[in-house]
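Have the model open in your viewer for this one. We'll go from the overall make-up down to a few helix pairs and some odd spots in the backbone.

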Amino acid sequence: MLEHRIRDGGTAGSVRTFLLDRKKMLRHRKNKRRGTLERGRGKQRENSERIAQKESRAGSSAMWWLCIAVFLLWMRSGGCTEKANTSDLIEYTAADFYEKLHSGKMMFIYFEHQVSPTISLFLVELEKSADALQDYGVLVGKVNCNKELVHTYCTEERMPHTAFLFRGGKEFLGFDLDTVFDINSIVSEVLFAILREEVKYVHTDSDLLAMEKAARGKKDIVLGYVSSLGTQEHRSIMETAYVYGTKYQFILITGGPVLKHLGVNEFTHSSRVWFLHCRDRSGFTTPMTSERCPLTLMRKPLSTLSLHSFLQLMEAPLVSEVYDDPSSVQPPQFPYQQTPQVFLFSRPATEHLDRDTATTLAWRLRGLALLVLVHRQSPAVKTPEEYNAAYRLNEKSSEVDYLTLHDLDELMDLVANQEKEEEDDEEEEEDKGVVEDEEEDSRFGKLDDEVAASVYEIRGDMTDMDSITQLTSDNFHTAVAQSSLTVALFYLRWDAVSMAFLNSFIEVAERLAGSSVQMSAVDCGEWTDLCAAQPSSSLPMPFQPITSFPSVLLLRPKETAQHYRGMLGIEALHRFIMMSHQAAPVLLSTQEEVTSFLQDVAHTELAGYKPDRVLGLFKTQAHTGVSLFTEAAKALRGEVLTGLLTDGLAEKWAAEHTADLPAVFVFPSWRTHTHPSSLPVSTSADELLSHINTALLHPLPELTVENLPSFLSLGKALLLLFVGEEEDEIGRRQNQALVEEMRGVVESGPERMERYLACWIHLGRTPAGMSVLGSYLGSMPPLPALVLTHLPSGDEIYQYSANTPITAPSVLQWLQRVEEGTESPAGILGDDNWPPAVDFYDFLKIMDEQEPDSAQQQTPDDEEDVEDVNVEEHVGVKETTNSFSTSPTPNNNPKTHTEL
């Protein structure tokens, strides 16, 4: 077993990125419907990779390694019964969990609540990963919360959708199940967290240059690029980094400007690995006069075994010298036995020049072949004088071929072509259908964004829509009238975002099966009149024309539709629907009902979630302010729970909180219910809504991916503090002190701060903040970092000096300098333009060029003849087209997902 290594320090999330929650979720849906999540290589390949890792850890002679390999193969094949039994997923009791936790061992644990089909598939993958992670000292198991109660982890709402990594006797990191959906993503993400100190992350070329300078003369660098985290390639890099982390500096990139320096198209999905020769070497090396380290590209497809072999090859001598004939030189021995040999001949008179030529060619062949310099003056060399080079390919025979070179490029082409032929032979042995699908997916991925490419991957899967009602122009009004709450998804089949969200929408419908909520969908490509809100049979539509896709509307009989404007995810939509199903407002008549309203939740599905609450207090239900409050309460459905108190109970509550009736009490989720904010009843529902939303706003909110859009909609400049994840109690206190200083900024300058929204991002809980900060400033500054951005007056970004302590007076003085124009900006916000990845194809033009009978190539007489012949046949089509084109379809939302 590999040695269990513990590494402390670093900033959690500094190597975690922001890329692709959407793609992973789509891949998760795809695997759910296919009934399998494992797309890795066979067990034989997996064993070989494990053996290769252990060999590199050992670092001993070949014979000793082969003995260990034989022993490990015997262990894997069932020679050790005890080992085989440990592959099953262990179910810990609460006592076992706490015992392992306090022992300081690393554990990856899932706390099981209710088992859905998605959770069942995850548990299968978790069991598969147990054997792999055991090699890295990580215990894998689950705790059944229905049998064993573990405090916090069996009670809070987020736990059923999160798996946890424990280290050093405490929680180290939580993983959303959408990011650990199969054995590859589980192993790669867990190792990524463990190796956060060894594996660095760079985004720009300047970041990489700084890493090269730091490693120069000390370590070589292994630079890996993966387009998405949680893949087989990501796992291969993490497993190799675990083995070689102390020998090489590993760097991971997932995109950004640094790709341009490396000559990689930012839209490519192919993983790459480069070896940067930064450590000084003796012998034959090129002078490293440049500030950049020479780099070698790994040309074989990325896997743990190929990466291990590549690193072994990088340790081979650049040039070897022999005094024997090439036919007498032994073929490369372990671990280079599969590597071609290239021979160059040297004469005493030109020995120095021959060495320089051999060194130059050796750098070009690095990773492809081993270069050997043969001294002709030796009597053992029998090669005819007409030949100046020879080669031995990595075949079973040891035959040497001789040739006469006129250019070094000839030899490069020979070796490169041989490498390509071998790769082609390996591909032919694979399933041709799978290869064709991968090539087609790769081509498609270049034509659009990741969501479109991911949806295209699952194009062959039939979406099961039995759990939702299909709405049409004929049944829309009837279906809405028969249900107290109808949730309708308006989508387009050719829109990638629509189809991606459709899977999430169906899963929410499955959760709500058996409830009074009717989940439904409208295909706007088929029912254009319905989506364009055209009245049917003189019945008005309860919504405006749909102009963005996908859109979710909550429909109630005889009420205007309510738009869902939250995240396009399962949990957010499900929570919104459950809260919308509550009465708005709830009529409370006893003290017990009020207490329950403020402390409890009506549905177990919302357990652990703390919603905002609002109470309206009126002397009687006939008070004129009740109708205004009711209108505001309906507008807040799904986001805020509202209650209504009248008569004596309202007077009692008003007296206890020294308020005059009528009044509105606001209970934000971030404050205890014993200290509400008291608001007077406004003269209009819109004004009351504005006052309620202001009272609910946290004075110093923590930004997350979910709440960022709502805060940006306020139109205020962001005074944004970035803090890293705490390693210990001291780190937590330091972060808390920084947040308190920012709160002091808000409190000490209320008038000046009115134009700013002071907020902060915890990069451990919101790793996407790393990319935000990097894009703001062009590189990652030291943490904590304070920036001012999204100014209404311009796109400038200002950075608070990293050398100045963050205190309330200093921050206010800095803001004063920014307002006076004496502070220089540190960056500029990029535009929000998201053009297509490639130029648009004019398919009609192509058809005109290829089809001689196309419309543009016909003469006017031909067109008239065609129209005369088919006029009756096309009358119906023309009438339908005209009727649609004459109906107005206003565009209320220019930023649409697609065009209708």
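Helices here (H or I, at least four residues) and strands (E, at least two) are DSSP runs, numbered from the N terminus. That numbering puts T658 in the loop between α22 and β24 (663-667). Keep in mind that this is a predicted model.

**The chain as a whole**

By that count, the chain has 30 helices and 30 strands. Of its 900 residues, 47% are buried. If you take the contacts with a separation of 6 or more, 74% of them are between residues 24 or more positions apart.

**The core around F108**

Which residues have the most contacts inside the largest nonpolar core? They are F108, F122, L126, L165 and L311, in a core of 55 residues. Helix α7 (residues 183-194) supplies the largest share of this core, with eight residues.

F108 is a good place to click first. Once you set aside its neighbours within four places in sequence, its contacts include L126, V138, L139 and V140. F108 is also in contact with G141, A163, F164, L165 and F175, and with I186 and V190.

**Three helix pairs**

Here are three helix pairs with their axis distances and angles.

| Helix pair | Axis distance | Angle |
|---|---|---|
| α7 and α9 (residues 232-244) | within 8 Å | roughly 40° |
| α20 (residues 591-599) and α22 (residues 647-656) | 11 Å | about 60° |
| α21 (residues 624-635) and α23 (residues 685-696) | within 9 Å | roughly 55° |

Let's start with α7, the helix that gives the core its largest share. At an angle of roughly 40°, α7 and α9 are therefore oblique to each other. Their crossing is left-handed. On the α7 side, I183, N184, V187, S188, L191 and F192 take part, and they meet Q232, H234, R235, M238, E239 and Y242 in α9. Sorted by class, this contact has six nonpolar, four polar and two charged residues.

Next comes α20 with α22. The angle of about 60° means that these two are oblique as well. Q591, V594 and L598 are the α20 residues here, and their partners in α22 are L649, K652 and W653. Four of the residues in this contact are nonpolar, one is polar and one is charged.

What is the handedness of the crossing of α21 and α23? It is right-handed, and with an angle of roughly 55° the pair is therefore oblique. From α21 come L628, F629, E631, A632 and A635, while α23 brings A685, L688 and L689. The split by class is seven nonpolar, no polar and one charged.

**Just ahead of α21**

Step back along the chain from α21 and you reach Q621, in the loop between β22 (612-618) and α21. Q621 and L587 are 34 residues apart along the chain, with their C-alpha atoms separated by 9.9 Å. Leaving out residues up to four places away in sequence, Q621 touches L587, V626 and T646.

**Odd spots in the backbone**

Most residues other than glycine have a negative phi, and most peptide bonds are trans. A few places in this model go the other way, so let's look at them in turn.

Where does P585 sit? Its place is in the loop between α19 (570-580) and β21 (586-587). The peptide bond joining A584 and P585 is cis, with omega about -5°. Another cis bond runs from L783 to P784, where omega is near 0°. P784 is in the loop between α26 (768-777) and β28 (785-789).

Then there is phi. K558 is not a glycine, yet its phi is positive, about 60°. You'll find K558 in the loop between β19 (551-555) and β20 (562-564). Is K558 buried or exposed? K558 counts as exposed because its relative accessibility is 89%, and the cut-off for exposed is over 50%.

T658, in the loop after α22, also has a positive phi without being a glycine, this time about 50°. With a relative accessible area of 76%, T658 is exposed.

Key:
Residues numbered from 1 in each chain as written. Predicted model: local features only at pLDDT ≥ 70, side-chain atom pairs only at ≥ 80, totals over all residues. Heavy atoms only, no water. Axes fitted to C-alpha atoms, helices over the stretch in contact; angles between N-to-C directions. Parallel < 35°, antiparallel > 145°, perpendicular 65-115°, else oblique. Left-handed = near helix turned anticlockwise from the far one by under 90°. Contact = heavy atoms within 4.5 Å. Nonpolar A, V, L, I, M, F, W, Y, C, P; charged D, E, K, R; others polar. Core = buried A, V, L, I, M, F, W, Y, C linked by side-chain atoms within 4.5 Å. Buried < 20%, exposed > 50% of the residue type's maximum accessible area, 1.4 Å probe, protein only.
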